[in-house]
Amino acid sequence: MSLFEDELHYTIATRLEKRDALIEAGHEPYPYRFQRTHYNQDLHTQYDALESGVETEDVVRLAGRIMAIRNNGMFLDLHDTSGKIQAFCHKESLDEDLLAILKLLDVGDMVGVEGSIRRTPRGELSVRVKRFEILCKALLQLPEKYHGLTDVEVRYRQRYLDLIVNEDSRHTLRQRSKIVSAMRRYLDDKGYMEVETPMLHPIAGGASANPFVTHHYSLDQEMCLRIAPELYLKRLIVGGLSDKVFEINRCFRNEGISTRHNPEFTSIELYEAYSDYNDMMSLTETLVQVACLAIHGDLKVEYGDKTLDFIGPWKRASMVDLVTEHSGVDFLPLSEEEARQKANDLGVYVEPTDSWGKVVEAVFAEKVEAHLIQPTHVIDLPRDISPLSKVHRHVARLSERFETYINGWEIANAFSELSDPLDQKARFEDQMKERASGDSEAQPMDEDYVNALGYGLPPTGGLGLGIDRLVMLLTNSPSIRDVILFPTLKVKH
RNA sequence: GCGUCCAUAGCUCAGCGGUAGAGCAGUCCCCUUUUAAGGGAAAGGUCCUGAGUUCGAAUCUCAGUGGACGCACCA
């Protein structure tokens, strides 16, 4: 239903008539404020012991949305953000003029009520309404109360409607907020400094992904929406703004949409000087645990038909060992050419130009990922697919990088940050070669970043953690769109 | 980008070649201790859009639009 039709729906026309009738009777349908004394949930807590059939003299003022009307207006279900309470509008408790206005109320309207607390003989805590005022006349009809709104397209396009009607959606999205706030509070308490780095980047660096490209008119310059804040955050470590910085915000990647991908998604990225990737592993566990405890009070959660156990320490295994375990092939000693051949033998498609690391990654994705249900740190990723991380301190082919997997999904990615400016320059140059040979996601050279390293980045551990996926896992949500307030959708014509 | 499925009243759904149905919501009437309140009456539709097949299309075919899921890409 829409207010932008040539001919308004008959239910809208009816409500417009009621709106006019309210004005006629001297009731402003869109007033400015209402002083309330309680949230509904406060009353349920406060009057928990009140016995059925008991009337009190305690006067309260409540405000909320009418979600149901029964018995010709005698009973209203009044919902506020905390919960529901029944408003009891007995004709003997209301003046004539208010009784007349009662007929002009609809499900969906916002009202403020004043009255005394009572519990009905059937046990429903209620407010016996002595006075009420309309706080907002709703013109559009809400979806049916019993089945609610199930059309996922409408739920995503008109999230406000979904939130009004579906308790589950409200719950999940509120839990998201609690999760983010708990992690932020933890980092704050531990002395990490929250910062905001640019969202508009001249060069989209810090990850391998396709950016959204836009244009700044007065600078007459191409800009990208950031794909990761990484390179700016490490510049702050170089500058010594703080030895511990973090940013919780959006990244944008111009790639496919799925139940686990939204073009804009939220990550927490943090960098800590004088630390390495081992420290980041512990921190990853702690952050996920903090998030989990914030909404569950427990470290085991149900996701679909699985139980995820976040109690630490989590399993740690190197990527090549996991590949060996699940494919029977040890790629570590193989040449690039042998690796490609073995991948093909395993039925894993690889490009003839793929590097050793890309081959290992491809086999890992195909053979291992789906098995990593319980939290697992996959450590020591190939060096050639990790252009921003330090070379492994013992194995030259590997890097000090790990990805954390839960339920088969990558949740976190972290490294001992590469601090050697000459090595970094060489890595970017390798990436540029891959870019030239057709890999649009290879990372572009960022000369200023290399120069920043030239002034000195201390040993630093860095971590990126995908908030949306974590929230999915912790709230048992099957789609990333369920945990994003306004997921990206195609415009409907 | 590819494949499969979905789109009918405000909402939730049935109907699947023979002129459009239910429940809930809305309207009117009855009912002032109900809570998916109840009883009665009337109303409400470009069956997503366009083309085709057919005597006849919500129904079959093709194309388009939007969505869901899977694959690819990726986090």
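In the legends below, helices (H or I, at least four residues) and strands (E, at least two) are DSSP runs, numbered from the N terminus. The model shown in every view is predicted.

**Figure 1. The second largest pocket, with strand 1 as the element that gives the largest share of its lining.** The volume of the second largest pocket comes to about 810 Å³. Its lining consists of 31 residues, of which Arg65, Met67, His79, Ile164 and Arg170 are the closest to the pocket centre. Two or more lining residues come from each of strand 1 (55–70), strand 2, helix 5 (159–165) and helix 6 (167–189), and strand 1 supplies five residues, the largest share. Sorted by class, the lining of the second largest pocket holds 14 nonpolar, seven polar and ten charged residues.

**Figure 2. Leucine 78 in strand 2 and the residues in contact with it.** Leucine 78 belongs to strand 2, which covers residues 75–80. With a relative accessibility of 1%, leucine 78 counts as buried, because that term applies to values under 20%. When neighbours within four places in sequence are left aside, the contacts of leucine 78 are Asn40, Leu62, Gly64, Arg65, Ile66, Gly83, Lys84, Ile85, Val111 and Val113. One of these contacts, Arg65, is also among the residues closest to the centre of the second largest pocket. Serine 52, by contrast, stands 26 residues from leucine 78 in sequence, with 20 Å between the two C-alpha atoms.

**Figure 3. The protein surface near RNA strand B.** Around RNA strand B there are 54 residues, and those that come nearest are Met74, Arg122, Glu153, His261 and Arg469. Of the atoms of RNA strand B that come within 4 Å of the protein, 61% belong to sugar and phosphate. At least two residues of this surface are supplied by each of helix 1 (10–24), strand 3 (83–88) and helix 4 (152–157). By class, the surface near RNA strand B has 14 nonpolar, 18 polar and 22 charged residues. In one polar contact, an N or O atom in the side chain of histidine 9 lies 2.8 Å from a phosphate oxygen of RNA strand B; in another, a phosphate oxygen of the strand is 2.8 Å from a backbone N or O atom of lysine 490.

**Figure 4. Asparagine 262, a residue whose backbone reaches a base of RNA strand B.** Asparagine 262 sits in the loop between strand 10 (244–252) and strand 11 (264–273). A backbone N or O atom of asparagine 262 is 2.7 Å from a base nitrogen of RNA strand B, while a polar atom of its side chain lies 2.9 Å from the backbone oxygen of glutamate 264. The side chain of asparagine 262 also reaches the backbone nitrogen of threonine 488, at 3.3 Å. Beyond neighbours within four places in sequence, asparagine 262 is in contact with Ile480, Ile484, Pro487 and Thr488. Asparagine 262 counts as buried, because its relative accessibility of 5% falls under 20%, a value that is calculated on protein chains only.

**Figure 5. The largest cavity and the residues that line it.** The structure holds one cavity of 30 Å³ or more, and the volume of the largest cavity is about 40 Å³. Its lining is formed by His201, Ile203, Gly205, Gly206, Ala228, Leu231, Tyr232, Arg235 and Asp446. Helix 7 (residues 230–239) gives the most to this lining, namely three residues. Four nonpolar, three polar and two charged residues make up the lining of the largest cavity.

**Figure 6. Backbone geometry at proline 313, asparagine 407 and asparagine 476.** The peptide bond that leads from glycine 312 to proline 313 is cis, with omega near -5°, and proline 313 is placed in the loop between strand 13 (306–309) and strand 14 (315–318). Asparagine 407, although not a glycine, has a positive phi of about 55°, and is located in the loop between strand 16 (401–406) and strand 17 (409–416). In asparagine 476, also a residue other than glycine, phi is positive and near 55°; asparagine 476 is found in the segment after helix 14 (467–475). Asparagine 407 counts as buried at 7% relative accessibility, whereas asparagine 476 is partly exposed, with a relative accessible area of 39%.

Key
Residues numbered from 1 in each chain as written. Chains lettered and ligands numbered in written order. Predicted model: local features only at pLDDT ≥ 70, side-chain atom pairs only at ≥ 80, totals over all residues. Heavy atoms only, no water. Near = heavy atom within 4 Å. Polar contact = N/O pair within 3.5 Å; in protein donor to acceptor, adjacent residues only side chain to side chain. Nonpolar A, V, L, I, M, F, W, Y, C, P; charged D, E, K, R; others polar. 1 Å grid on protein atoms, 1.4 Å probe; cavity = no way out; pocket = protein on both sides within 12 Å on 5 of 7 lines; lining within 4 Å. Points joined across faces, edges and corners; volume = space filled by probe spheres on them. Buried < 20%, exposed > 50% of the residue type's maximum accessible area, 1.4 Å probe, protein only. Contact = heavy atoms within 4.5 Å.
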